Amino acid sequence: MSDDPQERRATYRTALAFGVTAVASVGLFVTYAFGGQEQIEGALLAVALGGLGFGFVEVAKHLLPQGPYVEEREPLASSEDEQLAFAADFERGEGWMSRRGFVVKVLGVAAGAIGLAALLPIRSLGPNPGNSLFRTKWRRGALVVDEQGKPVSVDTLEVGGAITVFPEDHLEVEDSQTILIRLSRSDVVTRSGREEWAPQGYVALSKVCTHAGCPVGLYQQQFKKLLCPCHQSTFSVPEGGKPTFGPATRSLPQLPLMFDSQGLLRARSDYQEPVGPGFWDRGT
Amino acid sequence: MSRRFVVALLAGPVAAVLLAVGVHSARATAREGESDPAAVERGRQLYLTGCAYCHGADGGGTSQGPDLRGVGAAAADFQLSTGRMPNASPDRQSVSKRSPYTRAQIDDLVAYVASLGPGPAIPDVSIPPGDLQEGGQLHLDNCAGCHSAAGNGGALSLGRDAPTLHDATPVQVAEAVRTGPGNMPVFGPETFTRKQVNSIVLYVEYLKKPENPGGLSLGLVGPITEGLVAILIGLGALMLLSRWIEPRAVREEPPE
């Protein structure tokens, strides 16, 4: 051992750190063997790894020879002999290629064929989404059910109530999730063409935010506004989901509703515009 | 152990439970069917002093406060017992605070408001008994959006917020579900059954002391505090550590 007191101290610290690692590792074994306790095991593992790391750093900083070490870069240019040897090699190969022209042509055909084959994966892209982005599971006459699959009737919601609904048999289908809110009938400001869409004050809006697709689930009953928790887009429920604040620029699509002869709520049709955030061939 | 001994051992707790249930339901019926004219009259006097300025002398509401006819005992009890009413600044969200009324005064006021028109009664939160698992599911589906999965509350728009659920008593939770105070939606008897409401109440009670696997909860408010700790303490510690491992290199002057 060196006589340098600094180095000796560093050696002691390193040995101590590795010793701590050993003790903690044994402790980890013992804890595990006696039934285990996650917090204690985690702490022991942290101490064991920490000791190892501390020891390594001590070795690197105080015990190993310190730099800086300079490695000179070799000259970039090749020597003249190497250049001549390369030229000779090259000429030999070139001679072979010009004597065996047929092989080179076959090679050309092979390269072309591989190039064509490499195009094939393009065919496998997809599947083409078709019109799936334009449609949801809602259909004309689809029964409106809550998250437990129970049909919604005229009395299900009181004025000021809100629940999440799905088309029957399609519970939990993300693009079809819809928030159903009951307003007092005088509150509904119908847009033209939507006069019949909100019977008895029941307004159904797509729960998929038109900005980034988060579930717009925070209904502020007093203001009759829907708030998206991700980026604070705010939509006015009486005005058919019109955005009033935040980054969303398009209205939440409104689902046309009707009551059947038994007083159960049904969809008049699918959403009449694509739900959720924009995509490139969505149109306006 | 003899059979008689077992019966004797069980009889005590069973009797205690039955007694508790009986007393509780008797109290609940008394509160639900509150129509004691004396209480209504005492409540009316208190109402005229403390509430009529905003809600109108007959409870019909003014531009400062809503119509109270038909809001029911549940709404009145929620607003008064949480201290949200009386509210000195009606243009702002009324927050939970210490009520200036005694419990007896609140009962009288509730009786008066209930007498103004039919509305939801104060719910019984123990009968029928709730189911914790169902309550957890209903909480996630219907409450967690605003009040957060841990019940800590969260921000809304237009300067409003959804309050923490940890300060609410079981009855207050059920009242809020049924009456939709402030910006909260209403969940009437056709939306949730009484059992479903009691399940939610049970789960909200559970959230006050949830199972904790350990570690700092950081208030269980999600990525805001967690991100702050990760960036300030986590990254900061890593930076200091890397400085300790390899101090800034001393630049060597290039040889002439």
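**Close-up 1. Strands β1 and β2 of chain A pair in the antiparallel sense.** In this predicted model, 3 bridges link β1(A) to strand β2 (residues 162–167) of chain A. Look for V145(A), which stands opposite F166(A) in β2(A). The pair belongs to an open sheet of 5 strands, with the order β1-β2-β3-β4-β9 (chain A) and antiparallel pairing. At the edges of this sheet are β1 (144–146) and β9 (254–255) of chain A, each of which pairs on one side only. As a reminder for viewing any sheet, side chains in a regular strand alternate between the two faces.

**Close-up 2. An open sheet of 4 strands in chain A has the order β5-β6-β7-β8.** Here, too, is antiparallel pairing. The edge strands are β5 (218–220) and β8 (242–245) of chain A, each with pairing on one side only. From one strand to the next, the twist averages 35°. Starting at the β5(A) edge, 3 bridges join β5(A) to strand β6 (residues 225–227) of chain A, and the two run antiparallel. A handy landmark is Y219(A), whose bridge partner in β6(A) is L226(A).

**Close-up 3. Strands β7 and β8 of chain A form a hairpin.** Strand β7 (residues 234–236) of chain A pairs with β8(A) over 3 bridges in the antiparallel sense. Within the pairing, F235(A) stands opposite P243(A) in β8(A). Between the two strands lie 5 residues. Do pause at G240(A) in the turn, which has a positive phi of about 65°.

**Close-up 4. Helix α5 of chain B is largely enclosed by the rest of the structure, because 10 of its 13 residues are buried.** The buried residues are I106(B), D107(B), D108(B), L109(B), V110(B), A111(B), Y112(B), V113(B), A114(B) and S115(B). Their cover includes α2 (37–50) and α4 (72–81) of chain B. The length of the helix can be checked too: at 1.5 Å a residue, the 13 residues of α5 (residues 103–115) of chain B should span 18 Å, and the end C-alpha atoms are 18 Å apart, so the two agree. For the chain as a whole, buried residues make up 32% of the 256 residues in chain B.

**Close-up 5. Domain 1 (34–122) and domain 2 (132–208) of chain B come into view together.** Their centres, taken over C-alpha atoms, are separated by 22 Å. Where they touch, 14 residues of domain 1 of chain B are in contact with 11 residues of domain 2 of chain B. On the domain 1 side, the residues divide into 6 nonpolar, 6 polar and 2 charged. To help you trace the chain through this view, chain B has 9 helices and 2 strands, arranged along the sequence as α-α-α-α-α-α-β-β-α-α-α. Of the contacts in chain B with a separation of 6 or more, 68% come from residues 24 or more positions apart.

**Close-up 6. Chain B meets chain A through 20 residues of chain B and 27 residues of chain A.** On the chain B side, helix α6 (residues 132–147) gives the most, with 3 residues. That side of chain B comprises 8 nonpolar, 8 polar and 4 charged residues.

Note on methods:
Residues are numbered from 1 along each chain as its sequence is written. Chains are lettered from A and ligands numbered from 1 in the order in which they are written. This is a predicted model: local features need pLDDT of at least 70, side-chain atom pairs count only at pLDDT 80 or more; totals for chains, interfaces and linings use all residues. Two residues are in contact if their C-beta atoms, placed from the backbone, lie within 7 Å. Ala, Val, Leu, Ile, Met, Phe, Trp, Tyr, Cys and Pro count as nonpolar, Asp, Glu, Lys and Arg as charged, and the others, Gly among them, as polar. Domain bounds come from an automatic or database domain assignment. A residue is buried if 20 or more other C-beta atoms lie within 10 Å of its own, exposed if 12 or fewer, and partly exposed in between; C-beta atoms are placed from the backbone. Two strands pair if DSSP finds at least two bridges between them. Axes are lines fitted to C-alpha atoms, for helices over the stretch in contact, and angles run from 0 to 180 degrees between N-to-C directions. The expected span of a helix is 1.5 Å times one less than its number of residues.
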